[in-house]
Amino acid sequence: MALLRHLVAPQLFGLLFLIPYSRATLYSGYNFNPLEHLGRVSPYFEPRDAQPFAPEPPHGCTVARAAYISRHGAINANDDDYEDWIEPFLLKFQNHNSTDWTKIPPLNFLANYKSPLTPDTEPEIPTRIGELESTQLAVDIGIRYPNLKLHSRVWASAPPRTFVSGQAFVRGFQTDDNPINLISVFEGHQGGANSLVPYQACPAYHEGNDEAKTYRELFTKPIKARFNALAPEYNFTTTDVVGMLLLCGYESVIRGDSPFCNLELFSPDEWLGWEYADDILYHYDVGMWIFAQ
C-alpha cells in the first residue's frame, strides 16, 4: 500500500497542477458573444473550435463543376418571429409613455430607441447584409475554384428571401462574358412537393412549441422579475423578453449591431437559456425525438 501511494501521488499532483492551467489557457481569449447563441436567429459565423477543412481539391485534381445549395442571406425577420414576439413587443413599447427609461440602466437606451422594423417592413426580405452574404459567397466560390465552368442558369425558389438572395449571388458570380439567368421555381400544391415545409406530408409530425414554451417560461421568469422591479409600470411579459432577445439578432443584420445584445441587459446564462429553448423547439420539431417514436 505504501508503494502504491508513492507511485500514485506524484501523478495525482501533476494532474491537479495541470487542471487550472489548462482551464486558464482554454478560456483566456474567450469573450461571450450573444450573436453566437441565438439558435436559428444567429447571424452566420464559423465556430472557433471547428477544425477547418482545406478547400483545395486533392493533389493533381481540378474542380470544373460543382453543385451548391444555399437557402438565403440574412433577412429582416422570420414571419412567425415578427408576428408572435417582435411586433407585439414593439407595439406595446411604442404605446407606453409612463416610464422614464433614462433613469433605468441598462434599459435607458429605450428612451430614444427606434426600431428598424416598422408596420410597412416586409419581414422576410434579405437585408443589405444578407445580400452581401450571398454576393460574397459567389465571389469566394469563383476565387476558390478559378477553373470552375460557369453555368448559364441559377435556380431559386419563388419566395422573396430566396429569390433576392439568388439575384445577389448572380451579381457576384456572373461575368461580362458569361451572364447568368436566374430562374424562379414555384413551389405549391400543383408542383407535388414543397421543399420548405416537407413535414406537411407527414401525419405524425409534431411541433415542439409546447415543450419550448415550458422552458421559455422557466428561463424568462427571473428576467421578468428583474425588469419589472426596475420598471413596474411596464409589466414585462415573456413575449416582451423574447421579442427583445430576437431583436438582438435581427437588428444586427439590419443595422450592424443592436443595443439588445448588451450583456448588462441579459447575462450569458440568460442567452444560453434562449439558445436551449430553441434547441428544445427543434428537437421536438425535426430532431431525433421524431425517430424515437
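The following legends describe close-up views of a predicted model.

**Figure 1. Overview of the protein and its elements.** The predicted model contains eight helices and two strands. Read from the N terminus, these elements follow the order α-α-α-β-α-β-α-α-α-α. The protein has 293 residues, of which 34% are buried. Of the contacts between residues at least 6 apart in sequence, 76% link residues at least 24 apart. The exposed surface of the protein amounts to about 18900 Å², and 57% of this area comes from carbon and sulfur atoms.

**Figure 2. Surroundings of T127 in the loop between α2 and α3.** T127 belongs to the loop that connects α2 (79–94) with α3 (128–144). The relative accessible area of T127 is 5%, so this residue is buried, the limit being under 20%. A polar atom of the T127 side chain lies 2.6 Å from the backbone oxygen of V253. V253 also appears among the contacts of T127 beyond its neighbours within four places in sequence, together with A74, I75, N76 and I254.

**Figure 3. The cis peptide bond between P105 and P106.** The peptide bond that joins P105 and P106 is cis, with omega at about 0°. P106 is located in the loop between α2 and α3, the loop in which T127 is also found.

**Figure 4. The aromatic pair F89 and F93 in helix α2.** A pair of aromatic rings is described by the distance of the centres and the angle of the planes. The protein has 16 aromatic pairs. In the pair F89 and F93, the ring centres are 6.1 Å apart and the planes meet at 20°, so the pair is stacked. Both residues are part of helix α2, where four residues, about one turn of the helix, separate F89 from F93. F89 and F93 are both buried.

**Figure 5. The aromatic pair Y234 and F236.** The rings of Y234 and F236 form a tilted pair, with a centre-to-centre distance of 4.6 Å and an angle of 40° between the planes. Y234 has a relative accessibility of 3% and therefore counts as buried. F236 is likewise buried, at 3% relative accessibility. One aromatic cluster includes Y234 and F236 as well as F89 and F93. Further members of this cluster are W101, F109, Y113, F227, F260, F266 and W271.

**Figure 6. Backbone of N235 in the loop between α5 and α6.** N235 is placed in the loop between α5 and α6. The phi angle of N235 is near 60°, which is a positive value in a residue other than glycine. With a relative accessibility of 46%, N235 counts as partly exposed.

**Figure 7. Helix α5 and its bend at T220.** Helix α5 covers residues 209–230, a total of 22 residues. From its first C-alpha to its last, α5 reaches 30 Å, close to the 32 Å expected at 1.5 Å a residue. At T220 the helix bends by about 40°, and the proline P222 follows within four residues. T220 is one of the buried residues of α5, a group that also holds A212, R216, F219, I223, K224 and F227. Among these, F227 is also a member of the aromatic cluster.

**Figure 8. Elements that cover helix α5.** The buried residues of α5 are covered by elements that include α2, α6 (238–255) and α7 (268–286). Of these covering elements, α2 is the helix that holds the stacked rings of F89 and F93.

Notes:
Residues numbered from 1 in each chain as written. Predicted model: local features only at pLDDT ≥ 70, side-chain atom pairs only at ≥ 80, totals over all residues. Heavy atoms only, no water. Buried < 20%, exposed > 50% of the residue type's maximum accessible area, 1.4 Å probe, protein only. Polar contact = N/O pair within 3.5 Å; in protein donor to acceptor, adjacent residues only side chain to side chain. Contact = heavy atoms within 4.5 Å. Areas by Shrake-Rupley, 256 points an atom, 1.4 Å probe, with all protein chains shown as cover. Phe/Tyr/Trp six-rings, centres within 6.5 Å; stacked < 30°, edge-to-face > 60°. Expected span 1.5 Å × (residues − 1). Bend = angle between axes of the 7 residues up to and from the residue.
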